[in-house]
Amino acid sequence: MLKVDKLKVCYGNIDALKDISFEVKKGEIISLIGANGAGKSTTLRAISGLLRPKSGDIFFENKSIKALPPHEIVRLGLLQSPEGRGIFANLTVLENLEMGAYTRKDSKELIKKDMEHVFALFPRVKERLKQVAGTLSGGEQQMLAMSRALMGKPKLLLLDEPSLGLAPQIVETIFNIIKKINSEGVTILLVEQNAAQALKISHRAYVIETGNVVMTGLGSELLVSPKVREAYLGG
Amino acid sequence: MEEFIQHLINGLSLGSIYALIALGYTMVYGILQLINFAHSDVYMMGAFIGLYSSRFLGIQEKPGLLSFISVLFISMVGCSIVGFLIERLAYRPLRGAPKLNALITAIGVSLFLQYSGQIVFGATPQSFPNILEDADLLALGGVHLTLFDVTIFMTTLSLMLILRYIINSTKLGKAMRAVSYNGQWASLMGIPVNKIISMTFIIGSALAAAGGILVGMKYPKIEPLMGTMIGLKAFVAAVLGGIGNISGAVLGAMIMGIAEEFVVGYGASTYRDALAFGILILILLFRPAGILGKLNVEKV
Ligand SMILES: Nc1ncnc2c1ncn2[C@@H]1O[C@H](COP(=O)(O)OP(=O)(O)OP(=O)(O)O)[C@@H](O)[C@H]1O
Ligand SMILES: [Mg+2]
């Protein structure tokens, strides 16, 4: 479904990604794990078209998307919930959700129905529809960010650190919901600091170090790999 | 008392005109953090499009509501195109470049419009056609409420209500607010940011055109440099209200208009233009974010 091929991305003359290749198949949950500054967010930004790769290519459903602007990539069904949540603090919760559905041409009723479906996953979001999103708590903002991305009916959903800064119980909930979303047919590419949790729910994972993919395997394999345990799971 | 009410009427009328122009500054600033210096010249273009279109339509001396509305409409459409082209040709290629580059370009576009205006329209002031006949609607003692005042006020009010509807309740308006909060995030939701920016210029320019027509009617001499002073005042009004803030621009403009009328009315007309700068200095000293503006506080 998504194929990243020898991707190289620079900020000015700093190489942030040197040689990143990986693949996400339909129906999978794939994790990218790695230390701070390894290049995980940069990878997601390049996939979404926010950064232009210096070389390499990105294919979504067998079509190169490397040269497309971000909003056209969204139209193809590839959505990202960015690092830091990216909610529009000056809009209400409901308006944020409407922005998630921006590209859809579906009828109001259908969109409303999908919204109800999203509320079933995130009941808290429904309680706060009229509230200005900037006044939500951190956890609520994260739930809104994911709800909003789901409103776009993604085929592939990129999640950049959905558990960042959340209390342990909420982290648990978020990971359960990710699994649920996946079981409903959404393919997921997940970037996480919380490597243990991420590996547990992932089919496969890639380990990124300073702009290179250094290791890959099944989630369950990496979870018990001594190298991964030492570097990312605290021994 | 009568004098006071008269000044208030004049002030609201002047403030309405400032508001129409201030909105364009504030909307563009809100979305691009760019002070669009060329905006005051779009307003000037609005007045000239009004002049030429009424000649072309042969209604330059056929005053009436229909003439007024047709000229207003044509000028708004014309300026929308001008505003669209300015953004497309001058500012868009610089997106991503340092903000200062865009600012200098804005000054360049402004000068370009002013001096091509002098070449094309001529530098001598021209009379604006009589598209609406002024009359006293109400004369109570010394207080006069003229048809022009009411027209200016009603036109502004209707345009503001339309604008408010667009910003608050339409998909376009919500997208505009999303882009002004964070363009990258907006693009991740599939919002075509460039298109939204174009629409912002189109709307702001159309409002400025209305300002140009109303000023042409009320102070019926127009010339290619007419935008400079009024543009500066409208800009100060936008800063006073809190640049980037829509209601702030209207509030700031009304305060400016009323303050100016009172300064003139109570004998200090030499200070008419100095007032704007006085206000600007005071805000920068005491409340740099403006009356309704918030200094950027972001929640992490
Ligand atoms: N806008 C930028 N300009 C210059 N360098 C950048 C920029 N953004 C990121 N970098 C650098 O690129 C490298 C990769 O950053 P990236 O944000 O992709 O890391 P990450 O793996 O997501 O880390 P984290 O887990 O901390 O979020 C880092 O060294 C970072 O300093
Ligand atoms: Mg990151």
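A residue is taken to be near a molecule if one of its heavy atoms lies within 4 Å of it. The structure shown is a predicted model.

**View 1. Residues surrounding ligand 1.** Around ligand 1 there are 14 residues, of which A:K40, A:S41, A:T42, A:E83 and A:Q193 come nearest. Sorted by class, this shell comprises 4 nonpolar, 6 polar and 4 charged residues. Helix α1 of chain A, spanning residues 40–47, supplies 4 residues, the largest share of the shell.

**View 2. Polar contacts to oxygen atoms of ligand 1.** Backbone and side-chain atoms of chain A both take part in these contacts. For A:G37, a backbone N or O atom is placed 2.8 Å from an oxygen atom of ligand 1. For A:G39, a backbone N or O atom lies 2.9 Å from an oxygen atom of the ligand. The side chain of A:K40 contributes a polar atom at 2.7 Å from an oxygen atom of ligand 1. On its own, ligand 1 has 630 Å² of accessible area, and the protein covers 63% of this.

**View 3. A nonpolar surface patch on chain B.** The residues B:M1, B:F4, B:I5, B:L8 and B:Y266 together make a nonpolar patch of about 510 Å² on the surface. One of these residues, B:M1, has a relative accessible area of 72%. B:M1 is therefore classed as exposed, since that term applies to values over 50%.

Note on methods: Residues numbered from 1 in each chain as written. Chains lettered and ligands numbered in written order. Predicted model: local features only at pLDDT ≥ 70, side-chain atom pairs only at ≥ 80, totals over all residues. Heavy atoms only, no water. Polar contact = N/O pair within 3.5 Å; in protein donor to acceptor, adjacent residues only side chain to side chain. Areas by Shrake-Rupley, 256 points an atom, 1.4 Å probe, with all protein chains shown as cover. Helix = DSSP H or I, 4+ residues; strand = E, 2+ residues; numbered from the N terminus. Nonpolar A, V, L, I, M, F, W, Y, C, P; charged D, E, K, R; others polar. Patch = residues over 30% accessible without salt bridge, like charges linked within 9 Å, V, L, I, M, F, W, Y side chains within 5 Å. Salt bridge = Lys/Arg side-chain N within 4 Å of Asp/Glu carboxyl O. Buried < 20%, exposed > 50% of the residue type's maximum accessible area, 1.4 Å probe, protein only.
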